[in-house]
Amino acid sequence: MIVSNQTDSEEKARAISTGLSQYIADFRQATLADVACHNTLESLLSNGISNSVIYLDEDISIFTGALVGEKKLDTADTIGLVMLNNQAEQVNLASIPLEDNGRTFISDTNTPSAFVIGSMSKESKWIVIADLAEAVRCYNAYRKLEIDVTVLTCLIPSLFNQTVKHFAEVQQVTIMTTSQHKAKVITPLKGVNVKAIICDHTLVYDALEFDANYDDLISAANTIDLKILGKPKPKQINRTLPPVKTLTSSMMPKLLWDYASNCAERLSVPIEYVLMPLMVTLGSLIGAKLSIYPKMYDNWEVVPNFYGAIIGNPSSKKSPSLSDGLKPLSHLVTLAKNKYDEDKLEHDTQKELSKHMTKAAEKQLSDLTKKLATQTNDDAEISRDDLKVKAKELAEAKQSDELIPEIKRYVTDDGTIESIGELESKHKNGMLIKRDELTGWLASLENESNQQARSFYLEGFNGLGSFQVDRIGRGSVFIDTHCLSVIGGIQPDKLEYYLSKTMKGLGNDGLIQRFQLMVYPDSLPNSKERDLPPDKLSRDAIYNLFETIDSMQLGDFLRYGANPIDEYHKRPYYRFTDEAYQEFMSWYDALKLRAGEAEHSIIAEHLIKYAKTVPSLALVFHLVDCIEHGKSLGAVNMNALRAALAWCEVLESHMIRIYSTVTDSANIKASYLADKIMKMVRKGTDKTDTTDWISHGFTARQLIRKGWKGLTDADDVLNALEILVEHNWLSWQEVKSTGQGGRPTERYYINLRLTELL
C-alpha cells in the first residue's frame, strides 16, 4: 500500500497542473506575428518570454473551478498566458484578447496563480503587479539595469491581495504604489511577508525608463516591511538581575578600606571581591579567642567567624581577588613557617646535643648504680635518692627530644574532616577553609556517603560547640571548640544549579544560608589593564593589624575594654553600649518580621542568620578601631554597630540577586535568549543548523542544541520561550509534519519589529 503524505490542496494542484499541461499541448506557442497589434504582448515576446505564451485558435473548455465543462465562445483568436502557483506548477490559463477593449478571462479565479515574467528563482527579487502592461514595463526597466527580477502578474486587480499572499508564503515579495494609494494597498496586507515601496508620485520602474539612478530612487522611496506592520509591538523584557548596593568607606575602619580599595583598583574588580575574603580571614583569625553577647542579660554568645563567597564569571578575576584578600593571613603563614624552621633547627641542635649528653648520663647512672650495689653501710656515698635524681634528669632529656615543634596553622585549602579536626584540636581558635572554586566543595557535600562532613561544616558555622569525629582504625578526634570559616569563589551558573535543588527543598539544611558574606556584584566597565604599585602604607598597616590580633592574649583584650573570663564565660567578651543595644534590639525585631514575610523559606532562613552576622561584624570593627586608636573604646558602640548594619543592608541586596537566579529563573533565562535574538536582529540574519532563523523561525530542539548559557535544560528553554511569546518577541505556530506520519512541529518565529528596540 502506498501512503501519500501530500495534503488535499497539493494533490489538487498537481492534478490541475497535469491536466493543464495536457490541455495546452494542443496549442502552439504565440509568435510576434500573432501579437503584432498588441504592444504589451509584443514587448513580452521580444524579451524571450515565449514558453508560457500560446495562441488560442479556438474556444476553450473550462477544466477547473465552478464552470467545469462549459465553453467560452470568445476565447478563439486570443493569446493564452499559462499561470503558475507559488510552487512553479501550471495551474491556470488566462485569455488575453488582442483588441484593447477586450475582457481578460482566467479559467479558475479560485486557484491562486500568476503569470510569471522571469525565472522565479529564489535569488531574484519577486515583484507582484496586477496589470500586464505595467508588469512588462517593470520587467524591462529592471532588466535594463541587469537586476535579476521576477514579475508576478495576477492580471485581474480584484485578485491582487490574494495573489500577493499566496506567493509571499514562499519568500518575500515586493509591491509598489504611490503615496496617494498607500493606505489602500498596505492595509489589507499587514502581517504578510511583503516589502512595500512607496514612491511620492511616479513608480520606480516608470522613472527607470528615463534612466534615473536606481539607488537614488530606492533611497528616496519609503520602504515598509508589511510583515512587521502586522506584528504586535514587542514589550521590553527585564534584562538585568536585581540591583545590588556596594560597600563604601564609611562602612568600616579606614585601615580595612584603604587596603581593600587599593587592591580592587589595581585588579580593576569590585571592592567586594577583596573585602569579603579580607573580612572572612580577619574573623577566622579572631575566631573563638573573643566573643560578643548581643543581648544585655541573655547568655547568647557570638564569635566572629564567617562563611563567604565571591560570585562571578570565569574572567572576573575571582582568584586574584581572593589572593589579595588573603594576603594578610598568608603573611602570618609565612611568619609561622619561618618560626617553625627556627624552632625545628633549635630542636634538632638540642636533640643532637642531648644524644651525647644522654649517653654520658646513662653511663653516670650505670656507674652510680654499680657503686650503690657494692658500697657498705659504713662507707656509703651514694643513696637511692641520688639515683632517682640522675634517672629523672635522663628521662627529662629523652622526653624533650620527643617534643617536636609544630607549625602554627591558620588555613587549609583541602582536607578531610579528620585532618581538619586534628588541626582544630591543636589550634583552639578555629580554622579557615579556603577553596579557590567552591563548586567541587559543594558537590562533595552532596554525596550521601559524605553526610557527616556536611554536618561538620554546618555545626562549624556556630563557632562555639564541640565536635567529635570517630573512625575505625583512626580512633577519635575531639574538637573542644569547633569554629570554622569558609571562603571561596563560584561561577553564577554553577551556584544556580546548586540553589535550584536547595530551593526545591532537596537537601535544604541551611548550608547555603550560612554564606552570609556572599556577594554577586556588577562587573566593572571594560577598561584597559592597569599596572599600579601596591600601596605600601596600607599593606604594612593591615599586616601589622593581623600580627597584633594573632599575638593577643587575655590581658591584651582586657586592656582594650573586653570583659574578663569567669566561671560562666570561657573567653573575654564584649557587650553593646546601652544606645547600641537598643538599636540592635529594634533592628532584630524588624528582621524577624521581614523574615516571616519573606516569599520563600530559604530567603527567610538567610535573613534570620543576619542576627549572628551583624554582632560579629560589629565586634570585628570595634576591635580594629581599638587597635587603630591604641586604647580601650569600652563596649561595642554605635559606630561599629551602624557600620555592621550598613554591611547587612548591602549583603541583603546581594542575597536577593543571588536567590533571584532561581526565584526569577524564567525571566533571567528569557533575558539570555532575548540577548541572542537581538544579536540576530542586529546582524540581519544568523544561519544556524542550515536554517535562517530570522526568515524561517526555529524549534525548541534547535535552540537546546546550540548549548547557549542557561539554555540547555528543556524546561528552562520552554519557560524562556513562553515569556518571549507573552512579550511579543516571538510568535508560535504548529507546523504539520511533512514526513511520513509523525507529530506536528512547534515552531517559533522572530518578530521583526524588534528592530524598534535597537
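Q: In this predicted model, are helices α19 and α20 roughly parallel or roughly antiparallel to each other?
A: Residues are numbered from 1 along each chain, and in this predicted model local features need pLDDT of at least 70, side-chain atom pairs count only at pLDDT 80 or more, and totals for chains, interfaces and linings use all residues. Side-chain values rest on heavy atoms, leaving out hydrogens and water. The two axes (lines fitted to C-alpha atoms over the stretch in contact, with angles from 0 to 180 degrees between N-to-C directions) meet at about 170 degrees. Parallel would need under 35 degrees and antiparallel needs over 145, so α19 and α20 are roughly antiparallel.

Q: Which residues of α20 make the contact with α19?
A: The axes of α19 and α20 lie 8 Å apart. Contact means heavy atoms within 4.5 Å, and α19 brings L591, K592, R594 and A595 to it. From α20 come A604, L607 and I608.

Q: Which residues of α20 are buried?
A: Helix α20 spans 601-608, helices being DSSP runs of H or I with at least four residues and strands runs of E with at least two. Buried means under 20% relative accessible area, and the cover over such residues of α20 includes α16, β20, α19, α21 and α22. The buried residues are I602, I603, A604, H606 and L607.

Q: Which residue has its side chain joined to that of D550 by a polar contact?
A: D550 sits in helix α17, and its 16% relative accessible area makes it buried. Leaving aside residues up to four places away in sequence, D550 touches L285, K289, L332, K408 and Y410. A polar contact takes N or O atoms within 3.5 Å, one able to donate a hydrogen and the other to accept it. At 2.8 Å, the partner side chain is that of K408.

Q: What distance separates the C-alpha atoms of M296 and Q582?
A: M296 belongs to the loop between β13 and β14, where a relative accessible area of 19% counts as buried. Not counting residues up to four places away in sequence, M296 touches R575, F576, D578 and Y581. M296 and Q582 are 286 residues apart along the chain, yet their C-alpha atoms are separated by 9.6 Å.

Q: Which strands stand at the edges, each with a single partner strand?
A: Strands pair when DSSP finds at least two bridges between them, and here an open sheet of three strands runs in the order β24-β26-β25 with antiparallel pairing. One bridge partnership matches F698 with Y748 of β26. Helix α26 lies across the three strands, at about 115 degrees to β25. Each edge strand has one side without a neighbour in the sheet, and these strands are β24 and β25.

Q: Which residue in the hairpin of β4 and β5 takes a positive phi?
A: Strand β4 runs antiparallel to β5, joined by six bridges, one partnership being V82 with L93. Five residues lie between the two strands. The residue there with a positive phi, near 65 degrees, is A88.

Q: Which residue of β6 stands opposite S95?
A: Strand β5 is mostly covered, with six of its seven residues buried. Two bridges join β5 to β6, and these strands run antiparallel. Opposite S95 stands F105.

Definitions and conventions:
Buried means under 20% relative accessible area, exposed over 50%, partly exposed in between (1.4 Å probe, protein chains only). Angles under 35 degrees count as roughly parallel, over 145 as roughly antiparallel, 65 to 115 as roughly perpendicular and the rest as oblique.
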